[in-house]
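Student: Could you take me through one part of this model up close, the charged side chains and how they pair? I'd be glad if you then linked that part to its surroundings.

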Amino acid sequence: MKIGIERKEARLRFLQNYWTNQVRNLPHVILNTPEDPSRSCAIANVGVKNMKPSELAETLLKKFKIYTVAIDGANVHGCRITPNVFTTTKELDTLADALKQLGKS
């Protein structure tokens, strides 16, 4: 069954907002993705203060089993988070919790 472009966009936007809203105002988290829905959809870029993007990506993978891509150039420094329509909110809670933990260390 096809979900259609509108429903796919809505789902991906929901998922991105779901986890970014949990970490957007944390002092140690750097969210490089604007809140403006006309400037983003599914993909977001996030960093943690005092962590290089490659270090964040490695830690997320090894410690939390979360695969990301480190982006460190063109004035963007963080990890690209790209959920799929099948990504669950529980999986995104794991990401948000990991970012909260990493900011405390």
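Tutor: Let's begin with Glu9, which is partly exposed in this predicted model, its relative accessible area being 38%. Its partner is Arg13: the two form a salt bridge in which the closest N and O atoms are 2.7 Å apart. Both residues belong to helix H1, and because they are four residues apart there, about one helical turn separates them.

Arg13 has further company besides Glu9. Its side chain also reaches the backbone oxygen of Ser40, at a distance of 2.5 Å. If you set aside residues up to four places away in sequence, Arg13 touches Pro37, Ser40 and Cys41. So from its place in helix H1, Arg13 has a salt bridge to Glu9 as well as contacts with that group of residues from Pro37 to Cys41.

How many salt bridges does a search of the whole structure find? It finds three, and Glu9 with Arg13 is one of them.

Another joins Arg24 to Glu35, with 3.9 Å between the closest N and O atoms. Since a salt bridge is counted within 4 Å, this pair falls inside the cut-off. Arg24 sits in the loop between H1 and S1, while Glu35 sits in the loop between S1 and S2, so the pair ties together parts that are 11 residues apart in sequence. Are the two partners buried or exposed? Arg24 counts as buried, at 17% relative accessibility, whereas Glu35 counts as exposed, at 57%.

Glu58 and Lys62 also form a salt bridge, and here the closest N and O atoms are 2.9 Å apart. These two lie in helix H2, four residues apart, or about one turn of the helix. Glu58 is partly exposed, with a relative accessible area of 43%, and Lys62 is exposed, at 60%.

Back in helix H1, there is an aromatic pair to look at as well. The search of the whole structure finds one such pair. The ring centres of Phe14 and Tyr18 are 5.9 Å apart and the ring planes meet at 45°, so the pair is tilted. Phe14 and Tyr18 are four residues apart in H1, about one turn of the helix. Phe14 counts as partly exposed, at 40% relative accessibility, and Tyr18 is also partly exposed, at 26%.

Now for the surroundings. In soluble globular proteins, nonpolar side chains tend to be buried together. Here the largest nonpolar core has 22 residues, and the members that touch the most others are Trp19, Val46, Leu56, Leu60, Leu95, Leu99 and Leu102. Helices H1, H2 and H3 and strands S1, S2 and S4 each supply at least two residues of this core. The largest share, six residues, comes from H3.

Leu56 offers a good view of how those parts meet. Not counting neighbours within four places in sequence, Leu56 is in contact with Val46, Gly47, Val48, Met51, Cys79, Leu99 and Leu102. Read against the element ranges, Leu56 falls in H2, Val46, Gly47 and Val48 in S2, Cys79 in S4, and Leu99 and Leu102 in H3. H1 and H2 thus appear twice in this tour: H1 holds Glu9 and Arg13, H2 holds Glu58 and Lys62, and both helices supply residues to the core.

Note on methods: Residues numbered from 1 in each chain as written. Predicted model: local features only at pLDDT ≥ 70, side-chain atom pairs only at ≥ 80, totals over all residues. Heavy atoms only, no water. Core = buried A, V, L, I, M, F, W, Y, C linked by side-chain atoms within 4.5 Å. Buried < 20%, exposed > 50% of the residue type's maximum accessible area, 1.4 Å probe, protein only. Contact = heavy atoms within 4.5 Å. Polar contact = N/O pair within 3.5 Å; in protein donor to acceptor, adjacent residues only side chain to side chain. Salt bridge = Lys/Arg side-chain N within 4 Å of Asp/Glu carboxyl O. Phe/Tyr/Trp six-rings, centres within 6.5 Å; stacked < 30°, edge-to-face > 60°.
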